[in-house]
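Let's take a friendly walk through this protein together. Have the picture ready and follow along one part at a time.

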Amino acid sequence: MPDARSFPDCFHEESEPLSIYLHVPFCRTRCSYCDFFLVTRLDHVESFFRALSSETLASAPFLRGRRVRAVHIGGGTPSLVPVSFIAGWLDLLSAIGDFEPEAEIALEANPEDLDVPAMRELRSAGVNRLSLGVQSFQQRKLSVLGRRHSAEDARRITGKALQVFDTLSVDLICGVPGESSGEWQKDLNDVVGLAVPHVSVYMLSIEPKTLLESRISRGIVTVPGETVQASMYLSAVERLCGSGYRHYEVSNFAFPGHHSRYNLACWMREPYLGFGPSAHSFIRTGPVEVRRANAGSLLRYLAGPPAFSAIEETLTEEERFVEHVFLSLRINRGLDVGFLRKRDKLGQNLQRMLARFHAKGWIVLEDGRIFLTGRGFLFADHIAGELISLET
Ligand code: SF4
């Protein structure tokens with residue numbers, strides 16, 4: 001059983017809604033750019049779900065009576081495991097927690113795992129939002145990324161999923177080795193043409209110790225430079241915003257009402273509870289905020305606690321301030337200038353900084369709040385970094 005003592009005693013007395021994340025750590029193969037925690041052997045799927053039931057039951061004292069706003073089943077590849085396992089876990093969760101009537105139940109899926117009967121089965125299990133790891137509708141890009149599905153799979157399954165689920169999200173990656181602006185425009189044309197209600201756009205990041213990093217360092221492939229990547233991102237902002245999408249987070253675009261409730265809850269610093277190896281949680285009890293993470297090891301997870309016991313830290317006031325600045329800018333809900341002014345000892349640095357950001361076209365100021373422009377989103381972390389460096 002998990003070490004329940006690591007949760008604050010009064011956690012269950014909070015009335016704030018709760019979101020839930022599940023990390024399903026299995027994939028058939030590892031994509032060339034991926035550094036997530038996962039295993040590519042599938043012989044532990046059944047024992048993983050047994051361990052997950054234990055972890056869920058151990059969390060019952062904290063879940064009971066809580067309003068559950070969103071459940072996000074990610075990974076890894078949740079669409080790889082039998083739907084009956086997912087359904088069984090959702091049943092267990094809903095028997096303990098108190099799901100809101102409109103609760104979002106989202107599942108990440110890869111196109112090669114799905115057909116219409118499998119999608120209907122997921123829908124019957126309660127999944128109402130599908131997040132499809134398409135990455136591209138172009139065969140060349142999919143091959144470079146090491147994806148298992150074809151461009152034809154991507155188009156066909158996206159079209160079918162639109163008919164089965166209440167809402168659908170598609171991930172797209174730009175800045176893939178050898179990618180031209182024209183190839184990226186084709187991806188944007190495809191996703192807009194299919195009228196997918198939610199699109200996540202990621203610039204390819206080269207993670208250490210991945211196959212892609214090794215190919216780049218050996219000169220086998222080259223990625224587009226920063227300027228080309230930035231122009232691809234800006235063309236996505238222009239194309240998607242011009243097609244009815246709202247740009248509600250650095251990488252995320254949605255038709256009205258189709259944003260990810262789970263992701264938004266995390267970015268708005270609402271509490272969430274993570275299950276599975278490497279899953280993170282954010283727990284608030286009165287003024288105390290705690291972030292915790294399960295160990296990133298399947299074997300330790302299967303062995304049960306205390307083997308997979310979490311890393312846990314209580315946030316300091318400074319860490320809370322930093323999170324507030326970074327996240328407020330990312331979701332562009334407007335960062336209060338008055339809030340920042342308290343940090344500006346001399347009362348002039350902030351004004352100079354904001355004038356500089358404004359002159360670069362990165363921010364606009366409205367009603368005493370800072371909002372990022374499309375170009376500003378490219379520099380969100382840099383802007384946040386400068387703002388938090390203001391001296392108190
Ligand atoms: S399918 Fe997703 S999680 Fe699995 S290896 Fe590829 S990128 Fe990583």
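## Two helices that meet

In this predicted model, helix 12 and helix 16 touch through a set of side-by-side partners. Helix 12 brings Phe321, Val322, Val325, Phe326, Leu329 and Arg330, while helix 16 brings Ala380, Asp381, Ile383, Ala384, Gly385, Leu387 and Ile388. Sorted by character, the residues of this contact come out as 10 nonpolar, one polar and two charged.

How do we describe such a pair? Packed helices are described by the angle between their axes and the distance between those axes. Here, the axes of helix 12 (residues 317-330) and helix 16 (residues 380-388) come within 9 Å and cross at roughly 145°. The crossing of helix 12 past helix 16 is right-handed.

## Two domains

Now step back to the whole chain. The domain assignment splits it into domain 1 (4-266) and domain 2 (316-392). Their C-alpha centres are 29 Å apart, and the contact takes 11 residues from domain 1 and eight residues from domain 2.

How much area do domain 1 and domain 2 bury between them? The value is about 810 Å², with 71% of it on carbon and sulfur atoms. On the domain 1 side, Leu234, Glu249 and Val250 lose the most area to domain 2, together 49% of what that side buries.

## Around the ligand

Which residues surround the ligand? Look for Cys27, Thr29, Arg30, Cys31, Tyr33, Cys34, Phe36, Leu38, Gly76, Thr77, Asn110 and Arg147. This shell divides into six nonpolar, four polar and two charged residues.

Key: Residues numbered from 1 in each chain as written. Predicted model: local features only at pLDDT ≥ 70, side-chain atom pairs only at ≥ 80, totals over all residues. Heavy atoms only, no water. Near = heavy atom within 4 Å. Nonpolar A, V, L, I, M, F, W, Y, C, P; charged D, E, K, R; others polar. Axes fitted to C-alpha atoms, helices over the stretch in contact; angles between N-to-C directions. Helix = DSSP H or I, 4+ residues; strand = E, 2+ residues; numbered from the N terminus. Left-handed = near helix turned anticlockwise from the far one by under 90°. Contact = heavy atoms within 4.5 Å. Domains from an automatic or database assignment. Buried area = accessible area lost by both parts, 1.4 Å probe.
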